[in-house]
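Thanks for making the time this morning. I would like to walk you through one model, and I will keep to its core, one helix and a run of strands.

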Amino acid sequence: MTTATVKTSCFTQKIYRLGFGLSPAIGLLIMLWSCTATNFNVEGITWKTYSNSRYGFEFPYPSNWTFLAAPENDDGIGFISPENKTVEIRGWASQQLPNSIDKSRESGKKIQPNFQTAQGISGVLVVEVDRQATSMTLTLTQNQVKYYWQGRSNSQEFTNYYRLFYYIAQQYRIPKS
C-alpha cells in the first residue's frame, strides 16, 4: 500500500502515515486538530497593532515582524517573520460592487459564517492547503466593504503557526457599523 505522510503535532512534530486513499479533508482535520496544543503563549509575544487609515480595520502582529511595502492606495499591509521569510500575515479591504452591478458567477455563491472575532463580528475562516503553501484567510463583510486577513506559511510548517494565525484572526477588528 502506498502511504503519504502528514505532520500532525505542533508540539512534537510526530509523523503519522495515512493511507493514500484517505480524503484530504480528513488529513487536514487531523493536522489542524493536533494544533490545539497549548504551545502558543500570547503573553510571551510583544505585540504592536496595525491600523488602516483608509478602511479603519486593525489587527495585532508580533512587534519583531517586518512590514512589507504598503500599496499606494492604502488598502492594506503585510508583515513577514524575522525567523522565516516564507511566513507572512496580511490584512486588506476593498469596496464591493452592489449586487445589481456585479454580474460575476461568484457573486451568487454564499458561504455561511463559521467564525466570530473577539469583537463579535461573524465571518468566514478558510484554511487552504496545497503542497507548497498553506493559508488561513478570514473574510468579513460589512455594508459595501469586504475585510480580509490572511496568515500564510509553507505547508510543512503550517502547524507551527496555526495558533498564532488563529489568535490574530480572532483579534481582527473592523469599524462598527
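I will begin with how the values were obtained and then go to the core.

This is a predicted model, in which local features need pLDDT of at least 70 and side-chain atom pairs count only at pLDDT 80 or more, while totals for chains, interfaces and linings use all residues. Residues are numbered from 1 along each chain as its sequence is written, and side-chain values use heavy atoms, with hydrogens and water left out.

The largest nonpolar core, meaning buried Ala, Val, Leu, Ile, Met, Phe, Trp, Tyr and Cys residues joined through side-chain atoms within 4.5 Å, has 30 residues, and among those with the most contacts inside it are F57, I89 and W149. Buried here is under 20% relative accessible area, with a 1.4 Å probe and protein chains only.

Helix α2 gives the most to this core, with eight residues; helices are DSSP runs of H or I of at least four residues, and strands are E runs of at least two, numbered from the N terminus. The buried residues of α2 include F158, Y162, F165 and A169.

Leaving aside neighbours within four places in sequence, I89 is in contact (heavy atoms within 4.5 Å) with F59, W149, F165 and I168, among others.

Turning to the strands, β8 and β9 run antiparallel and are joined by two bridges, where pairing requires at least two DSSP bridges. T117, in the loop between these strands, counts as buried because its relative accessibility is 4%.

Terms used. Buried < 20%, exposed > 50% of the residue type's maximum accessible area, 1.4 Å probe, protein only.
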